[in-house]
Amino acid sequence: MFLPRRLVAATIKNHKLSLIYVPERDSFFFSKRFPRRLLKAVIIPFRKVLHMRAMEEKIRSEGTVLPGGILKVGSFLNQQIDSVFLKEIGEEISDLFADEHPTKLLTIESSGIAIAAAAGMIMDIPVVFAKKHKTSNVDGEIYSAEIHSFTHGNDYQAVVSRDYLLPDDRVLLIDDFLASGNALEGLVKIVSMAGAEVVGAAVAIEKKFQGGGDKLRSRGIRVEPLACIDSMTDSDITFCHL
Ligand code: G4P
């Protein structure tokens with residue numbers, strides 16, 4: 001079955017089909033028996049583009065840029081949660097990282113929790129979240145890392161109980177924003193204290209101009225944003241395509 005480009009985006013997303021692009025016809029051929037090696041080379045990058053576009057569209061339609069390089073996404077991520085879209089975010093994270101076979105998702109309170117929970121439900125694995133202060137309900141032995149928040153200009157401790165990260169865990173880090181990368185760096189430290197392995201980091205929105213994503217990538221960590229922002233002004237947002 002040959003289909004024009006526009007139909008493909010919707011079809012592949014809804015039915016998780018594989019496809020082969022046929023340049024001479026500028027169309028795609030669907031196949032459920034697509035060789036795995038080719039699938040990785042062709043389909044996964046294609047789906048990655050689709051994933052990014054969904055988040056980009058959401059940012060374009062509902063996001064606003066505040067002074068100081070802050071993107072306000074309170075209508076679907078940071079205060080009100082768009083539950084239907086959240087489920088899609090979970091599916092997208094699962095699509096991107098299922099191959100790494102994570103055994104735990106690790107995020108930090110508060111806005112990362114919803115995203116991680118959505119992905120955890122799809123991937124069928126537990127979600128652990130670092131608390132920003134040691135509270136009475138984090139008892140016993142803990143792992144902790146000091147994190148500097150560039151956006152808020154303060155320092156805080158991220159704390160995880162030792163009971164929830166084990167040396168044989170393969171940990172996928174999740175967060176809503178990746179800006180300077182300090183929160184994720186703190187989580188990387190916590191995972192290494194536990195003797196576990198970081199298999200990657202999935203973030204809803206990377207602000208590439210703040211450099212945190214590239215710092216993590218230069219250390220060999222696979223970082224996948226669902227939308228990546230190159231630059232933003234009051235009137236325009238430019239997305240990067242990795
Ligand atoms: P970093 O972790 O990448 O270094 O980022 P930074 O310290 O600068 O970010 C601190 C907090 O600000 C984080 O939330 C982060 O999600 C949020 N943040 C960073 N840039 C933006 C932005 O452009 N828009 C919005 N809406 N948030 C941004 P937090 O303080 O941990 O709060 P929360 O998770 O409880 O919401």
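The centre of this tour is an open sheet of six strands with mixed pairing, in the order β7-β6-β10-β11-β12-β13. At its edges stand β7 (127–130) and β13 (237–239), each with a single partner strand, so one side of each is left without a neighbour in the sheet. Neighbouring strands are turned against each other by 30° on average, direction ignored. Please keep in mind that the model is predicted.

Within the sheet, have a look at β10 (residues 170–178) and β11 (residues 197–207). These two strands run parallel and are joined by eight bridges. Two of the facing residues are easy to find on screen: Val171 stands opposite Val198 in β11, and Phe177 stands opposite Ile205 in β11. As background, strands of a sheet pair through backbone hydrogen bonds, either parallel or antiparallel.

Helices pack on this sheet too. Helix α4 (residues 83–97) touches β10, β11 and β12 (223–232), and its direction makes about 115° with that of β12. Helix α6 (residues 182–193) touches β6 (104–108), β7, β10 and β11, with a direction at about 165° to that of β10. Strand β11 is touched by α4 and by α6. How much of β11 is buried? The strand is mostly covered, with nine of its eleven residues buried.

Ile59 is a good residue to click on next. It is found in helix α2 (residues 36–62). Is Ile59 buried or exposed? Its relative accessibility is 0%, so Ile59 counts as buried. Leaving aside neighbours within four places in sequence, Ile59 is in contact with Leu71, Phe76, Ile205, Ala227, Ile237 and Phe239. One of these contacts, Ile205, is the residue that stands opposite Phe177. Another, Ile237, is 178 residues from Ile59 in sequence, yet the C-alpha atoms of the two are 8.9 Å apart in space.

Now to the ligand. There are 22 residues around it, and Leu71, Ser110, Lys132, Thr151 and Gly181 come nearest. Leu71 is also among the contacts of Ile59. Oxygen atoms of the ligand have polar partners in the protein, listed here.

| Residue | Protein atom | Distance to a ligand oxygen |
|---|---|---|
| Lys132 | side-chain N or O | 2.5 Å |
| Ser180 | polar backbone atom | 3.0 Å |
| Phe150 | backbone N or O | 3.2 Å |

How much of the ligand does the protein cover? On its own the ligand has 710 Å² of accessible area, and the protein covers 86% of it.

Apart from the six-stranded sheet, take a look at β8 (residues 142–149) and β9 (residues 154–161). Eight bridges join this pair, and the strands run antiparallel. Here Tyr143 has Val160 in β9 as its bridge partner. The two strands form a hairpin with four residues between them, where Gly153 takes a positive phi near 70°.

A few backbone details deserve a second look. Most residues other than glycine have a negative phi, and most peptide bonds are trans. Which peptide bond is cis? The one that joins Glu109 and Ser110 is, with omega about 5°. Ser110 is found in the loop between β6 and α5 (111–123), and it is among the residues that come nearest to the ligand.

His101 has a phi near 50°, a positive value in a residue other than glycine. This residue is found in the loop between α4 and β6, and with 57% relative accessibility His101 counts as exposed. Asp124 is not a glycine either, and has a positive phi of about 65°. Its place is in the loop between α5 and β7, where Asp124 is exposed, with a relative accessible area of 69%.

Finally, some totals for the chain as a whole. It has seven helices and 13 strands, and 48% of its 242 residues count as buried. Among contacts with a separation of 6 or more, 59% are between residues 24 or more positions apart. The accessible surface of the chain comes to about 12500 Å², and 53% of that belongs to carbon and sulfur atoms.

Conventions
Residues numbered from 1 in each chain as written. Predicted model: local features only at pLDDT ≥ 70, side-chain atom pairs only at ≥ 80, totals over all residues. Heavy atoms only, no water. Pairing = 2+ DSSP bridges. Axes fitted to C-alpha atoms, helices over the stretch in contact; angles between N-to-C directions. Contact = heavy atoms within 4.5 Å. Near = heavy atom within 4 Å. Polar contact = N/O pair within 3.5 Å; in protein donor to acceptor, adjacent residues only side chain to side chain. Areas by Shrake-Rupley, 256 points an atom, 1.4 Å probe, with all protein chains shown as cover. Buried < 20%, exposed > 50% of the residue type's maximum accessible area, 1.4 Å probe, protein only.
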